[in-house]
Structures are given as structure tokens and as C-alpha cells.
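Trainee: I'm new to this one, so could we go through it together, one question at a time?
Mentor: Sure, ask away once you have it on the screen.

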Amino acid sequence: MDEKKKTIFSGIQPSGDLTLGSYLGAIKNWVALSDEYNCFYCIVDEHAITVRQVPADLRRRTLAQLAQYVACGLDPEKNVLFIQSHVAAHAQLGWVLDCYTMFGELSRMTQFKDKSAKNADNINAGLFTYPALMAADILLYQADLVPVGSDQKQHVEICRDIAMRFNNIYGDVFTIPEPFIPSTGARIMSLTSPENKMSKSDKDPGGCIYIMQQPDEIMRSFKRAVTDCDTERCVRFDPAEKPGVSNLMQIYSCATGRTMDEIEAEFEGKGYGVFKPAVGEAVIEMLRPVREEAERIMKDKAYLESIYRAGAEKAEAVAMRTMRKVYKKIGFVAR
Ligand code: TYM
């Protein structure tokens, strides 16, 4: 670790295959920031079990996600890539922070409200205290920056509140982190219902694009993407009036680096029948090298194992430093 550099922590749940939303909202920035910062990028399997998982699928997706992190451009030599459950300090600090997080604060979390509506038969305590575990993830590494999509902003804010509350009692134990949210791509919407976020748990398969999807399936989903029932039928950025088209424009902008003005000019006088396949093509080309590289890495189980083992060791060393400090501050007897 370079002591002069600031620190990043972020994570993704292996509760579904990685989506275009996670790629554009989070991973693309992880890669962009990885030279400038000491980076910890985690596969947060402990968070994933707040919703029931099929064990074999969870195991497969965890390893696939690691392969995809590397394929997206995260060099395991330069970034600490690891699996949350391999570092016991996450659960340990999670419990401590549960005791410094208020019931009322947790009740206001929109992700809890959404997920408990979707999983009405399993509103477990872990789903409720989830933000305290997420705060533990971030605070263990004394992270300065947390690159996430906009849906996670509220969780980073509660993490800051918990850290400040703790520091107010015990002195400067935790670094107060800042969220880092991209200006374009922070909230990619479903292709079939653009009023909803693109989500790996989406029941409508056409609404979500996955990093590992085959080009013909990606193209089919983009061709079927919902555009808006307006009469002008032109490519214009207006999220309130034209949510479907504006979402596609955001995706196209992320994939090509073009601004909204440039995109409007490019498709002036051309209908959605030209625009939608162009977005599909740009996404296919953006994801193609990632998919091909991930497929290759996924076959190399020994390589994957060497990455997550080394990652856990490096992460644990840093996490335990914070953990010892926390236990001492709160009055636990050292063993
Ligand atoms: P998760 O697993 O739902 O999503 C992973 C990351 O992808 C972003 N994201 C999106 N961005 C734009 N548009 C979308 N449609 C979209 N869908 C997902 C999310 O904002 C997130 O950055 N609680 C976290 C996981 C977590 C975590 C952490 C994150 C656990 N501990 C510590 C940061 C730091 C979550 O459920 O993300």
C-alpha cells in the first residue's frame, strides 16, 4: 500500500449476474480511479444472503464476479480484490456498528423499504441492519472515497453519520468517507420499464443487460427497448418527458464518450429504428473484450484462487488494524 495515496472501498453483491447498470454506475469508475488510489474492491457475499440464495449459484456467481472484476480492467496486483466472508472483521465490526446505529435511521432506508416489499415472506433482521454492515466494510479500510451508483448514496450517508457518531464518543477512529457518483451512468434504468432502475433481480429479462450476455441477446433487448409514446419521435435528452430515450442516450454516452448534444446531432432526422440498434452495437463493442477475457479467466480456477487468497490476506491486515483500535476504544479486553 502506498501511504501517500488515498483509499477507495467499494463492493457489489453476488446476488445476480453483473449488469450494465453496475458496470456503468460503479465498475467503470473503479477502473478509472484505480491508479490514483489504494483500492479495495470486494464481492460482498455477506450482504447477498439478506435475500435467500441458492448455495451453488452464490458460489458460482462469486467466482464469476471476481473474474469479471479482473476482465473489466482491475489489475489484481494493483487492487485488493477479495471476498467479504474471507475477512472476519467485516462481521465483527458490523456487529459493533449495529450498536451505534439507530432503529429510526435504518427504518428510513429506501433499499430496505424496496427489498422488504419485494421479499415480504423474508423480512429478516439482516435486511434491516444491512447499512451497518456496509458501513463496516467502508470504515474498516479507512476509505476516503466510495464509488457507487446513485441508489447507494443514502447508504454512504448513513455510514458517514455512524462514523461521526462513533468518532464523537471515542476520538478520531474512522475516516469519514465521501460518495463518488458519476455524472452520467449513475442510474441506468430498465430497458422495458424506464421508470425503474436496471436491476439484477429484475423479473423481466429484456429489461436488464448483463456483462456476460451474448451480442445477439443484447441487440435484441436494445431493439425492443421501450421508447416514449411522444409524437415527435426524435432523439432528445429529456428525462422527465422522454425517460426511455434519455436512458438509452445515457447508455450511449457512457459507451462512446459522446455528450448529449453530440448524440442529438448524430441522430437528427433519424428515427428510433436507427438509434436503438446503434446503442446496442456500442454496448456490444464495449462489453465484448470484458466478456471474452472473463470467459478465459473463469476457466483458470487456480488463478482465481490465487487472487482471492492474496486479496483476503492484504485486506485482513488493514482491517485488523482498525478492528484492534475499535475494540480497545470500546473497552474490550485484548486477548
Ligand atoms: P449492488 O450490488 O446493488 O450494486 C453494485 C453497484 O452498482 C451500482 N448500480 C447501478 N448504478 C447505476 N445504474 C444502475 N441501474 C445500477 N444498479 C446498481 C450500485 O449503486 C452499486 O454501486 N449495498 C451495495 C453493495 C455494498 C457496498 C458496500 C457498496 C455493500 N457494501 C460498501 C459500496 C461500499 C449494493 O447493494 O450494491
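**Charged pairs, rings and the ligand**

Mentor: To start us off, the structure holds 13 salt bridges. Keep in mind that this is a predicted model.

Trainee: Okay, which residue forms a salt bridge with D151?
Mentor: Begin with the general idea: side chains of opposite charge can pair when their charged atoms come close. For D151, the closest N and O atoms of the bridge are 2.9 Å apart. The partner sits in the loop between β5 (178–180) and α9 (215–223), 46 residues from D151. That partner is K197.

Trainee: And where is D151 itself?
Mentor: The pair with K197 links distant parts of the chain. D151 is partly exposed at 28% relative accessible area, and K197 counts as partly exposed too, at 32%. As for its place, D151 lies in the loop between β4 (145–147) and α8 (153–170).

Trainee: How many residues apart are E157 and K153?
Mentor: These two form a salt bridge, with the closest N and O atoms 3.3 Å apart. Both lie in helix α8, about one turn of the helix from each other. In residues, that separation is 4.

Trainee: Is E285 buried or exposed, or something in between?
Mentor: E285 forms a salt bridge with R288, and the closest N and O atoms are 2.8 Å apart. The two are 3 residues apart in helix α12, so about one helical turn separates them. R288 has 29% relative accessibility and counts as partly exposed. Buried needs under 20% and exposed over 50%, so E285, with 38%, is partly exposed.

Trainee: Let's move to the rings. What kind of aromatic pair do F166 and F174 form?
Mentor: A search of the whole structure finds 16 aromatic pairs, and F166 with F174 is one of them, 5.0 Å centre to centre. The angle between their planes is 50°. Planes under 30 degrees apart would be stacked and over 60 edge-to-face, so this pair is tilted.

Trainee: What is the relative accessible area of F174?
Mentor: Its ring partner F166 has 0% relative accessibility and counts as buried. F174 is buried as well. The value for F174 is 4%.

Trainee: What about Y252 and F275: which kind of pair is that?
Mentor: The pair joins distant parts of the chain, with Y252 in helix α10 (residues 243–256) and F275 in helix α12 (residues 272–298), 23 residues apart. Y252 counts as buried at 5% relative accessibility, and F275 is buried at 0%. The ring centres are 6.3 Å apart with 75° between the planes. Since an angle over 60 counts as edge-to-face, the pair is edge-to-face.

Trainee: Which residues form one aromatic cluster?
Mentor: Rings pair if their centres lie within 6.5 Å. The cluster here is made up of F9, F40, F82 and Y141.

Trainee: Now the ligand. How much of its accessible area does the protein cover?
Mentor: A polar side-chain atom of D137 lies 2.7 Å from a ligand nitrogen, and an oxygen of the ligand is 2.4 Å from an N or O atom in the side chain of D151. On its own, the ligand has 700 Å² of accessible area. The share covered by the protein is 97%.

Trainee: Which residues are closest to the ligand?
Mentor: In total, 28 residues surround the ligand. β1 (7–12), α1 (20–33) and α7 each supply at least two residues of that shell. The closest are Q13, Y130, D137, D151 and I188.

Trainee: Two single residues to finish. Which residues does N122 touch beyond those up to four places away in sequence?
Mentor: N122 is in the loop between α6 (110–118) and α7 (125–140). Under 20% means buried, so N122 at 15% counts as buried. Its contacts are T50, R52 and L127.

Trainee: And how far apart in space are Y308 and N119?
Mentor: Y308 is in helix α13 (residues 301–330) and counts as buried at 17% relative accessibility. In sequence, 189 residues separate Y308 from N119. In space, C-alpha to C-alpha, they are 31 Å apart.

Conventions. Residues numbered from 1 in each chain as written. Predicted model: local features only at pLDDT ≥ 70, side-chain atom pairs only at ≥ 80, totals over all residues. Heavy atoms only, no water. Phe/Tyr/Trp six-rings, centres within 6.5 Å; stacked < 30°, edge-to-face > 60°. Buried < 20%, exposed > 50% of the residue type's maximum accessible area, 1.4 Å probe, protein only. Contact = heavy atoms within 4.5 Å. Salt bridge = Lys/Arg side-chain N within 4 Å of Asp/Glu carboxyl O. Near = heavy atom within 4 Å. Polar contact = N/O pair within 3.5 Å; in protein donor to acceptor, adjacent residues only side chain to side chain. Areas by Shrake-Rupley, 256 points an atom, 1.4 Å probe, with all protein chains shown as cover.
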